[in-house]
Amino acid sequence: GFSAAITFVRRQLEYFEATQKDADARRKKGGVSGNVKAGSLGFRCIHCKHLPVKKRAPSADAFPNQVGLIYQSVRNFQRHHLLKCRAIPQCLIDQHQAMPR
């Protein structure tokens with residue numbers, strides 16, 4: 001199974017279907033992430049999803065285009081978003097930091 005830390009991280013995410021607005025926002029970022037189309041399956045932070053894209057910490061959402069990339073995308077969320085997201089309650093940050101790695 002998954003470690004307690006990864007299980008915790010996964011609980012901070014939700015899966016969603018990209019809208020045209022999501023796809024347009026990703027296209028403005030450029031790079032590989034600009035290939036998202038309306039209808040693409042992705043996941044995002046449940047805490048900052050309501051904020052404008054520019055107000056979110058890095059890696060707030062991801063659209064892995066292969067099943068094998070889902071785990072890596074979740075790890076990227078853990079490394080690059082979780083401790084930088086201002087919308088995540090401090091009690092959850094504290095809980096995550098107290099977990100054994």
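Where is the place of Phe43? Phe43 is found in strand E2. The structure described here is a predicted model, and this report starts from that residue and its strand before turning to the surroundings.

**Confidence**

The chain has a mean pLDDT of 90, and 94% of its residues reach 70 or more. Within the chain, confidence is highest in E1, with a mean of 97. Helix H2, which covers residues 20-29, has the lowest, with a mean of 84. As a rule for reading such models, where pLDDT is low, the predicted coordinates should not be read in detail.

**The sheet**

Strand E2 belongs to an open sheet of 3 strands, in the order E1-E2-E3, with antiparallel pairing. Two of these are edge strands that pair on one side only: strand E1, residues 13-17, and strand E3, residues 61-62. Helix H3, made of residues 70-80, packs on the sheet and touches E1, E2 and E3. The direction of H3 makes about 20° with that of E2.

The pairing can be followed strand by strand. E1 is joined to strand E2, residues 41-45, in the antiparallel sense over 5 bridges. E2 and E3 also pair in the antiparallel sense, over 2 bridges. Arg44 of E2 stands opposite Glu14, and Arg44 also stands opposite Asp61 in E3. The charged end of Arg44 sits over the ring of Phe16, at 3.9 Å from the ring centre.

**Aromatic pairs**

How many aromatic pairs does a search of the whole structure find? The search finds 2. Their geometry is set out below.

| Pair | Centre to centre | Angle between planes | Type |
|---|---|---|---|
| Tyr15 and Phe43 | 6.1 Å | 75° | edge-to-face |
| Phe16 and Phe63 | 5.4 Å | 65° | edge-to-face |

The pair of Tyr15 and Phe43 links distant parts of the chain, with Tyr15 in strand E1 and Phe43 in strand E2, 28 residues apart. Tyr15 has a relative accessibility of 51%, so Tyr15 counts as exposed. Phe43 has a relative accessibility of 1%, so Phe43 counts as buried.

In the pair of Phe16 and Phe63, Phe16 lies in strand E1 and Phe63 in the loop between E3 and H3, so the pair ties together parts that are 47 residues apart in sequence. Phe16 counts as buried because its relative accessibility is 7%. Phe63 is buried too, with a relative accessible area of 13%. The cut-off behind these labels is that buried means under 20% relative accessible area and exposed means over 50%.

**Around Phe43**

Which residues is Phe43 in contact with, leaving aside its neighbours within four places in sequence? They are Leu13, Glu14, Tyr15, Phe16, Ala60, Asp61, Ala62, Pro64, Ile70, Ser73, Val74 and Phe77. Among them, Tyr15 is the aromatic partner of Phe43. A further value concerns Glu17, which is 26 residues from Phe43 along the chain: the C-alpha atoms of the two are separated by 8.4 Å.

**Ser59**

The last residue considered is Ser59, in the loop between E2 and E3. Ser59 is not a glycine, although it has a positive phi of about 60°. Is Ser59 buried, partly exposed or exposed? Ser59 is partly exposed, because its relative accessible area is 27%.

Not counting residues up to four places away in sequence, Ser59 touches Asn76, Phe77, His80 and His81. Phe77 is also listed among the contacts of Phe43. The C-alpha atoms of Ser59 and Lys84 are separated by 9.8 Å, and these two residues are 25 residues apart along the chain.

Note on methods: Residues are numbered from 1 along each chain as its sequence is written. This is a predicted model: local features need pLDDT of at least 70, side-chain atom pairs count only at pLDDT 80 or more; totals for chains, interfaces and linings use all residues. Side-chain values use heavy atoms; hydrogens and water are left out. Two strands pair if DSSP finds at least two bridges between them. Helices (H or I, at least four residues) and strands (E, at least two) are DSSP runs, numbered from the N terminus. Contact means heavy atoms within 4.5 Å. Axes are lines fitted to C-alpha atoms, for helices over the stretch in contact, and angles run from 0 to 180 degrees between N-to-C directions. Rings of Phe, Tyr and Trp (its six-membered ring) pair if their centres lie within 6.5 Å; planes under 30 degrees apart count as stacked, over 60 as edge-to-face and the rest as tilted. Buried means under 20% relative accessible area, exposed over 50%, partly exposed in between (1.4 Å probe, protein chains only). A charge sits over a ring if NZ of Lys or CZ of Arg is within 6 Å of the ring centre and within 35 degrees of the ring normal. pLDDT is the predictor's confidence in each residue, from 0 to 100.
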